[in-house]
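Here is a short report on one chain, written for reading beside the model. Keep the sequence and the 3D view open as you go.

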Amino acid sequence: DSSVDASMPTGLRLRPAVLTAREELAAGREKLRRQHQRGSPGVQLCARLTDLFDGVVLHLYRAAVEDLGGGSSMPPTVLVAHGGYGRRDVAPFSDVDLMLLHPPRLEAVAAPLAQRLVQDLGDAGLELGFSVRTVRECCAMAVRDTAVFTTLAEARFLIGSASLYTRFAAQ
């Protein structure tokens with residue numbers, strides 16, 4: 001069975017998209033390690049690592065949306081990178097800070113997508129910081145906590161509803 005990963009405990013199956021993502025991460029990290037050994041500048045390696053993470057995140061997001069019924073049944077969500085990952089400043093052991101924004105009153109509909117993303121991204125080998133919020137929740141948290149404000153101010157659109165992201169960024 002091609003969906004069984006030999007490095008995982010017996011009986012644990014990973015979807016093909018997750019296996020592909022694990023392989024992409026391993027190969028990409030190895031390539032970056034070799035580039036570092038040859039003297040590539042750190043800032044260049046950070047940008048390439050961000051590109052690698054972006055590719056894996058987007059691949060798994062698209063696979064999750066497709067597995068969960070495609071665009072027609074999905075609420076208009078947006079996947080947002082923030083913090084160091086949002087500003088494209090990641091190092092070899094950086095975590096990937098993501099937020100799934102959803103419209104008000106649709107958290108229950110967005111929850112299966114969030115669960116799938118957290119599971120798949122973790123299984124692929126990414127250290128993850130993940131939240132599910134509305135624009136209003138983001139703003140309320142940012143007003144109360146300067147650390148939250150700073151990380152959200154460094155947000156970057158990845159995929160999803162451009163209009164929802166625009167509302168978030170404007171507020």
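The report covers confidence, overall build, the sheet, the cores and two buried residues.

**Confidence**

This is a predicted model. The mean pLDDT of the chain is 89. A score of at least 70 is reached by 90% of the residues. Among the elements, strand 1 has the highest confidence, at 97. Helix 4 has the lowest, at a mean of 92. Residues 1-6 are another matter, with pLDDT below 50. That stretch still makes ten contacts in the model beyond near neighbours in sequence. Where pLDDT is low, the predicted coordinates should not be read in detail.

**Overall build**

The chain has seven helices and four strands. Along the sequence they follow the pattern α-α-β-α-β-α-β-α-α-β-α. The radius of gyration is 17 Å, which agrees with the value near 16 Å for a compact globule, because the chain has 171 residues. Along the principal axes, the C-alpha atoms fill a box of roughly 45 × 40 × 25 Å. Buried residues make up 44% of the chain. Take the contacts between residues at least 6 apart in sequence: 70% of them join residues at least 24 apart.

**The sheet**

In what order do the four strands lie in the sheet? The order is 3-2-1-4, in an open sheet with mixed pairing. Strand 3 (128-133) and strand 4 sit at the edges, each pairing on one side only. From one strand to the next, the twist averages 25 degrees. Strands of a sheet pair through backbone hydrogen bonds, either parallel or antiparallel. Strand 1 and strand 4 run antiparallel and are joined by four bridges. Ala-81 has its bridge partner, Arg-156, in strand 4. Helix 5 (residues 135-144) lies across strand 2 and strand 3. Its direction makes an angle of about 115 degrees with strand 3.

**The cores**

In soluble globular proteins, nonpolar side chains tend to be buried together. Here the largest nonpolar core has 36 residues. Val-57, Leu-79 and Tyr-85 have the most contacts inside this core. Two or more residues each come from helix 1 (16-37), helix 2 (42-67), strand 1 (78-81), strand 2 (96-101), helix 4 (107-124) and strand 4 (156-160). Helix 2 gives the most, with twelve residues.

Start with Val-57 to trace this core. Beyond its neighbours within four places in sequence, Val-57 touches Leu-79, Tyr-85, Val-96, Leu-98, Leu-121, Leu-126 and Leu-158. A second, separate core has 13 residues, including Leu-101, Ala-155, Leu-164 and Phe-168.

**Two buried residues**

The table lists two residues with their relative accessibility.

| Residue | Place | Relative accessibility |
|---|---|---|
| Leu-14 | segment before helix 1 | 3% |
| Thr-50 | helix 2 | 0% |

Why does Leu-14 count as buried? Its relative accessibility is 3%, and the cut-off for buried is under 20%. Leu-14 and Gln-44 are 30 residues apart in sequence. In space they are 32 Å apart, C-alpha to C-alpha.

Thr-50 counts as buried because its relative accessibility is 0%. Which residues does Thr-50 contact, leaving aside neighbours within four places in sequence? They are Tyr-85, Arg-88, Asp-89, Val-90 and Arg-156. Two of these names come up elsewhere in this report. Tyr-85 is also in contact with Val-57, and Arg-156 is the bridge partner of Ala-81.

Conventions. Residues are numbered from 1 along each chain as its sequence is written. This is a predicted model: local features need pLDDT of at least 70, side-chain atom pairs count only at pLDDT 80 or more; totals for chains, interfaces and linings use all residues. Side-chain values use heavy atoms; hydrogens and water are left out. A nonpolar core is a set of buried Ala, Val, Leu, Ile, Met, Phe, Trp, Tyr and Cys residues joined through side-chain atoms within 4.5 Å. Buried means under 20% relative accessible area, exposed over 50%, partly exposed in between (1.4 Å probe, protein chains only). Contact means heavy atoms within 4.5 Å. pLDDT is the predictor's confidence in each residue, from 0 to 100. Two strands pair if DSSP finds at least two bridges between them. Axes are lines fitted to C-alpha atoms, for helices over the stretch in contact, and angles run from 0 to 180 degrees between N-to-C directions. The radius of gyration is taken over C-alpha atoms; the globule rule is 2.2 Å times the number of residues to the power 0.38.
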